[in-house]
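Visitor: I'm new to reading protein models, and I'd like a close look at a single part. Please pick one residue, show me its surroundings, and then walk me out to the rest of the chain.

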Amino acid sequence: ASLSGAQTKLALWRMPPAGDEYVSYRLPRNGAASTVVVKRDDGRFPGVLAAELFGMRLMRAAGVPTASS
């Protein structure tokens, strides 16, 4: 699967901790779904990450379920 949009992003799978281990992240394999999307500001779209975070917080404040950030 792919993630649409113009921003650079990295899809990862969050491995649950086993015992005393820390949470770790891996690249999804063999078509597995991702559980985390990492975005960074690459300069092509100034302010877009801040705008997305603001939008997510606004939706959460309105009671709409959103991803944690």
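Guide: Here is a short walk that begins at glutamine 7 and then moves outward.

First, how to read it: this is a predicted model, where local features need pLDDT of at least 70 and side-chain atom pairs count only at pLDDT 80 or more, while totals for chains, interfaces and linings use all residues. Residues are numbered from 1 along each chain as its sequence is written, and side-chain values use heavy atoms, leaving out hydrogens and water.

Find glutamine 7 in the segment before β1, the strand that covers 9-15. Helices and strands here are DSSP runs numbered from the N terminus: a helix is H or I over at least four residues, and a strand is E over at least two. Is glutamine 7 buried or exposed? Glutamine 7 counts as buried because its relative accessibility is 14%; buried means under 20% relative accessible area, exposed means over 50%, and partly exposed lies in between, using a 1.4 Å probe and protein chains only.

Now look at what surrounds this residue. Leaving aside residues up to four places away in sequence, glutamine 7 touches Lys39, Arg44, Phe45, Val48, Leu49 and Glu52, where a contact means heavy atoms within 4.5 Å. With lysine 39 there is also a polar contact of 3.5 Å between the two side chains. A polar contact is a pair of N or O atoms within 3.5 Å; within protein, one must be able to donate a hydrogen and the other to accept it, and residues adjacent in sequence count only if both atoms are side-chain atoms.

Another of those neighbours, valine 48, belongs to helix α1. Valine 48 is 41 residues along the chain from glutamine 7, with 8.9 Å between their C-alpha atoms. Valine 48 itself is partly exposed, because its relative accessible area is 25%.

Follow helix α1 and you will meet methionine 56, which is partly exposed with a relative accessible area of 25%. Methionine 56 and leucine 3 are 53 residues apart in sequence, and their C-alpha atoms are 18 Å apart. Serine 68 sits in the segment after α1, whose range is 48-61. Serine 68 is exposed, because its relative accessible area is 71%. From serine 68 to arginine 57 the C-alpha distance is 9.3 Å, with their positions eleven residues apart in sequence.

Next, visit the loop between β2 (24-26) and β3 (36-39), where asparagine 30 lies. Asparagine 30 is not a glycine, yet it has a positive phi of about 55 degrees. It is exposed, because its relative accessible area is 85%.

Finally, step back to the whole chain. The protein chain has one helix and three strands, in the order β-β-β-α along the sequence. Only 3% of its 69 residues count as buried, and you have already seen that glutamine 7 counts as buried. The radius of gyration of the protein chain is 15 Å, whereas a compact globule of 69 residues would be near 11 Å; this radius is taken over C-alpha atoms, and the globule rule is 2.2 Å times the number of residues to the power 0.38. The C-alpha atoms fill a box of roughly 40 × 30 × 20 Å along the principal axes.
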